[in-house]
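Got your viewer open and a selection tool at hand? Here is a walk through the model, stop by stop.

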Amino acid sequence: MRTRLLRIAAVGALILGTFCMTAARSAARRDAAQSAAAKACDYACLTGFIDQYLSALVAHDPSRLDLATHVKFTENTMPMKFGDALWGTISAMGTYKVYFADPQAGQVGFEGTIRENGTPAILVIRLKVENRKIAEVETIVRRGAEPAEALEKFGQPNPAWLQPLAPSERSSRQDMLRITNQYFEGIVHLSGDMVPFDDKCNRILDGIQDTNNPSYNEGWGHGSFNPAAMGCQENMNTKIWAYIKAVDPRRFMVVDEKMGIVFGFFMFNHPGTVLEADVPGVGKIPMPPSAKRPFNVEVAEFFKIQNGKIRQVEGVQLALPYKTPTGWDK
């Protein structure tokens, strides 16, 4: 009888111990989940980091920011010490601002105008936030007053960038990336027909709307031929981008499902060996002098994806020596 009672007690103790261990593990998992949730950065948190960054930048004071131990920082593809370059020369913010955020990836982007020692410029920022600390900072400063002034003449960003999508207008993350990637495939393969453009699509690069804008001509001096007067699809179908032989790497950094925006950095490779464009219905047209040399262009670009189509494109371009790395190459 005594042996039986001891066995029952032992089994009870084992069950109790197992229960306690299970409860402890559950509590640990719950605590870990709560800790992760506390450290997670939602949409407002991410865009708030941009505001904090801009405030610290204008104050020339990096110490205002919560930085990861080994933060990586580049300006115009050049890795450098955090606090260098624009940190010493920015004098004020401008009037143009666009934000996009991806809580799932912990990434946030920004395009806006600034003043650098009084001269207008365009600033693009990408931040990666980990455990509510800035781990990566990638910036492009498009210097020269003209592009920034042109961007500010619009008064405010296109409403497409400011208006969240209705659930029925949204695409999956996978489809948003696929649609945006198709844009670059269209450039490389000289076909706007393979890109799902919205009929109302327009593109703004360096502050200039270069579609549906007959008052602008980008140096294509050939009679009445003006690709800037055309829509996005027709413009791409002219094959004037034949001098762009590759867009690589294509670094998709932010998928903003709320706004329907994909943002990233894309390296356009121009070997300078394509001397003319064979424009359908027009014939062969010489490339402008700027295309007849080897160079790269990194484009910080963002796309509005609405109802499965590209509604708006905007970005800034940075001309670089041929084969320049991005500063983020693995």
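Start with the whole chain in cartoon view: seven helices and 14 strands make up the protein chain. Keep in mind that this is a predicted model. Colour by accessibility and you'll find that 47% of the 330 residues count as buried. If you like contact maps, draw one too: among contacts with a separation of 6 or more, 65% are between residues 24 or more positions apart.

**Stop 1: the bigger core**

Select helix 2, residues 43–58. Helix 2 gives nine residues to the largest nonpolar core, the largest share of that core. The core has 47 residues in total, and the ones that touch the most other members are Y53, W87, L123, I125, L127 and F263. Show those six as sticks.

Now pick W87 and bring up its surroundings. Leaving out residues up to four places away in sequence, W87 touches Y53, A56, L57, H60, D61, P62, L65, F73 and F82.

Before leaving, select I187, W220, C232 and F303. They are among the members of a second, separate core, this one of 37 residues.

**Stop 2: a small cavity**

Stay with W87, and add Y53, L57, F73, E75, L86 and T139 to the selection. Together these residues line the largest cavity. How much space lies in that cavity? About 30 Å³. The count of cavities of 30 Å³ or more comes to one. Helix 2, strand 1 and helix 3 (86–89) are the elements that each give two or more residues to the lining. By class, the lining has five nonpolar residues, one polar and one charged.

**Stop 3: H60 and N212, two positive phi values**

From W87, hop to its contact H60. H60 sits in the loop between helix 2 and strand 1 (67–75). Check the backbone here: phi is positive, about 55°, although H60 is not a glycine. Is H60 buried, partly exposed or exposed? At 41% relative accessibility, H60 counts as partly exposed, because that class runs between 20% and 50%.

For another case, jump to N212. N212 also has a positive phi without being a glycine, with a value near 50°. You'll find N212 in the loop between strand 8 (208–209) and helix 7 (232–237). Its relative accessible area is 37%, so N212 is partly exposed.

**Stop 4: the big pocket**

Switch on a surface and centre on L205, D206, E218, Y243 and Q317. Of the 33 residues lining the largest pocket, those five lie nearest its centre. About 830 Å³ of space lies in this pocket.

Which elements should you colour around the largest pocket? Those giving two or more residues to the lining are helix 4 (145–152), helix 6 (173–188), strand 7 (197–205), strand 10 (261–270), strand 13 (295–306) and strand 14 (309–321). Strand 13 makes the largest contribution, with four residues. Colour the lining by residue class and you get 21 nonpolar, four polar and eight charged residues.

**Stop 5: S191**

Next, select S191, in the loop between helix 6 and strand 7. Is S191 buried or exposed? S191 counts as buried because its relative accessibility is 18%, under the 20% cut-off.

Zoom in on the side chain and turn on distances. A polar atom of the S191 side chain lies 3.4 Å from the backbone nitrogen of D193. Look for the backbone nitrogen of M194 as well, which is 3.5 Å from a polar atom of that side chain. Beyond its neighbours up to four places away in sequence, S191 touches G186, M236 and N237.

**Stop 6: I244 and a cis peptide**

Move on to I244, in the loop between helix 7 and strand 9. With a relative accessibility of 6%, I244 counts as buried. Draw a line from its C-alpha to that of F268: the two residues are 24 apart along the chain, and their C-alpha atoms are separated by 6.4 Å. Not counting neighbours within four places in sequence, I244 is in contact with F268, N269, H270 and I187. You selected I187 earlier as a member of the second core.

Finish at P249, in strand 9 (residues 246–256). Turn on the backbone atoms and look at the peptide bond from D248 to P249: this bond is cis, with omega near 5°.

How values were computed: Residues are numbered from 1 along each chain as its sequence is written. This is a predicted model: local features need pLDDT of at least 70, side-chain atom pairs count only at pLDDT 80 or more; totals for chains, interfaces and linings use all residues. Side-chain values use heavy atoms; hydrogens and water are left out. On a 1 Å grid over the protein atoms alone, a cavity is a set of points where a 1.4 Å probe fits but cannot get out, and a pocket is an open set with protein on both sides within 12 Å along at least five of seven lines; lining residues have an atom within 4 Å of a point. Grid points are joined across faces, edges and corners, and a volume is the space filled by probe spheres set on the points. Ala, Val, Leu, Ile, Met, Phe, Trp, Tyr, Cys and Pro count as nonpolar, Asp, Glu, Lys and Arg as charged, and the others, Gly among them, as polar. Buried means under 20% relative accessible area, exposed over 50%, partly exposed in between (1.4 Å probe, protein chains only). A polar contact is a pair of N or O atoms within 3.5 Å; within protein, one must be able to donate a hydrogen and the other to accept it, and residues adjacent in sequence count only if both atoms are side-chain atoms. Contact means heavy atoms within 4.5 Å. A nonpolar core is a set of buried Ala, Val, Leu, Ile, Met, Phe, Trp, Tyr and Cys residues joined through side-chain atoms within 4.5 Å.
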